[in-house]
Amino acid sequence: MDAATPPKAAHKPGVDATLPFYPLNIAVLTVSDTRTFETDTSGGLLADRLVAAGHRLAQRAIVPDEVDAIRLQVRAWTEAQDIDVILATGGTGFAPRDVTPEAVRPLLRREMDGFAAVFHRASYGTVGVSTLQSRALAGQIDETFIFCVPGSTGACRDAWDLVLAEELDSRFRPCSLVGQVPRYRGICP
């Protein structure tokens, strides 16, 4: 390119509605000693949002704030052939029983370092520096992706609306995580 040739215009990131949407099978895990399906507004919000976006709610569970219980459920889902993504809510703070990162991190084959950074940036806009009290994390266990977010309904709303809705949409450009899901490799860039 010479000095007289203008650079190509950069495309803004976003959903390209002209592309096909490829739905994911997503499981929702709530980590809590006190919530039931009737009182689990955080897991309920994630389940509602993912279905409204066109994905399939593969399974939903609530486990206590215990490393073994969390690992047992996560392992069962990562061994299932029909679950692409796990969304875990709860247990990411600094209370003594908040052990989700300790339960999940040793299972990760790869950690998605950027997720925490992007989640905190989005969360900062709604809760300010209180976002520092979250140990949100994400990564890949075998071929299944997992995202661990705080247990508050507001944090789940931020995580889905401001981060995951786009990251899990196959039409998002310049790229989407969907192209890394084994059944969509080669179909979805």
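Which residue of strand 7 does Ala-88 stand opposite? Ala-88 stands opposite Cys-148, and that pair is a good way into the sheet. Hi everyone, and before going on, please keep in mind that this is a predicted model.

Let me start with the overall layout. We have an open sheet of six strands, in the order 3-2-4-7-6-5, with mixed pairing. The edges belong to strand 3, residues 56-63, and strand 5, residues 110-111; each has a single partner strand, so one side of each is left without a neighbour in the sheet. As a reminder, strands of a sheet pair through backbone hydrogen bonds, either parallel or antiparallel.

Now back to where we began. Strand 4, residues 85-89, and strand 7, residues 144-149, run parallel and are joined by five bridges. Besides the Ala-88 pair with Cys-148, you can find Val-85 opposite Phe-145 of strand 7. Ala-88 also has a partner in strand 2, where Leu-29 stands opposite it. Strand 2 and strand 4 run parallel too, with five bridges between them.

Strand 2 deserves a moment. Seven of its seven residues are buried, so strand 2 is largely enclosed by the rest of the structure. If you look along the side chains, Asn-25, Ala-27, Leu-29 and Val-31 point one way, while Ile-26, Val-28 and Thr-30 point the other way, and all are buried. Strand 2 pairs with strand 3 in the parallel sense, over seven bridges, and in that pairing Asn-25 stands opposite Arg-56. To get from strand 2 to strand 3 the chain passes through helix 1, in a right-handed β-α-β crossover.

That brings us to helix 1, residues 41-52. Helix 1 lies across strand 2, strand 3 and strand 4, and runs at about 175 degrees to strand 3. Helix 1 has 12 residues and spans 16 Å from first C-alpha to last, close to the 16 Å expected at 1.5 Å a residue. Its buried residues are Ser-42, Gly-43, Gly-44, Leu-45, Leu-46, Ala-47 and Leu-50, and the buried residues of helix 1 pack against strand 2, strand 3, strand 4 and helix 5. After helix 1 comes Gly-54, with a positive phi near 105 degrees.

Next, helix 2, residues 67-79. With 13 residues, helix 2 reaches 18 Å from its first C-alpha to its last, close to the 18 Å expected at 1.5 Å a residue. The buried residues here are Ala-69, Ile-70, Gln-73, Val-74, Trp-77 and Thr-78. Why do we speak of one side of helix 2? Because those residues cover an arc of only 155 degrees around the axis, which puts them on the same side of helix 2. On the other side, Asp-68, Leu-72 and Glu-79 are exposed. The buried residues of helix 2 pack against a list of elements that includes strand 2, strand 4, strand 7 and helix 3.

Let's move over to the strand 7 part of the sheet. Strand 7 is mostly covered, with six of its six residues buried. Thr-144, Ile-146 and Cys-148 sit on one side and Phe-145, Phe-147 and Val-149 on the other. Strand 6 pairs with strand 7 in the antiparallel sense, over five bridges, and Gly-139 stands opposite Ile-146. The hairpin of strand 6 and strand 7 has two residues between the strands, and there Asp-142 takes a positive phi near 55 degrees.

Asp-142 comes up again with Arg-109, which lies in the loop between helix 3 and strand 5. Beyond its neighbours within four places in sequence, Arg-109 is in contact with Gln-140, Ile-141, Asp-142 and Glu-143. Is Arg-109 buried, partly exposed or exposed? At 42% relative accessibility, Arg-109 counts as partly exposed.

Last stop: helix 4, residues 113-127. Helix 4 lies across strand 5, strand 6 and strand 7, at about 35 degrees to strand 7. Its 15 residues reach 21 Å from first C-alpha to last, close to the 21 Å expected at 1.5 Å a residue. Phe-115, Ala-116, Phe-119, His-120, Ala-122 and Ser-123 are its buried residues, and the buried residues of helix 4 pack against strand 6, strand 7 and helix 5. Gly-128 follows helix 4, with a positive phi near 65 degrees. Thanks for listening!

Technical notes. Residues numbered from 1 in each chain as written. Predicted model: local features only at pLDDT ≥ 70, side-chain atom pairs only at ≥ 80, totals over all residues. Heavy atoms only, no water. Pairing = 2+ DSSP bridges. Helix = DSSP H or I, 4+ residues; strand = E, 2+ residues; numbered from the N terminus. Contact = heavy atoms within 4.5 Å. Axes fitted to C-alpha atoms, helices over the stretch in contact; angles between N-to-C directions. Expected span 1.5 Å × (residues − 1). Buried < 20%, exposed > 50% of the residue type's maximum accessible area, 1.4 Å probe, protein only. Arc of directions from axis to C-beta. Right-handed = clockwise from strand over helix to strand, strands pointing away.
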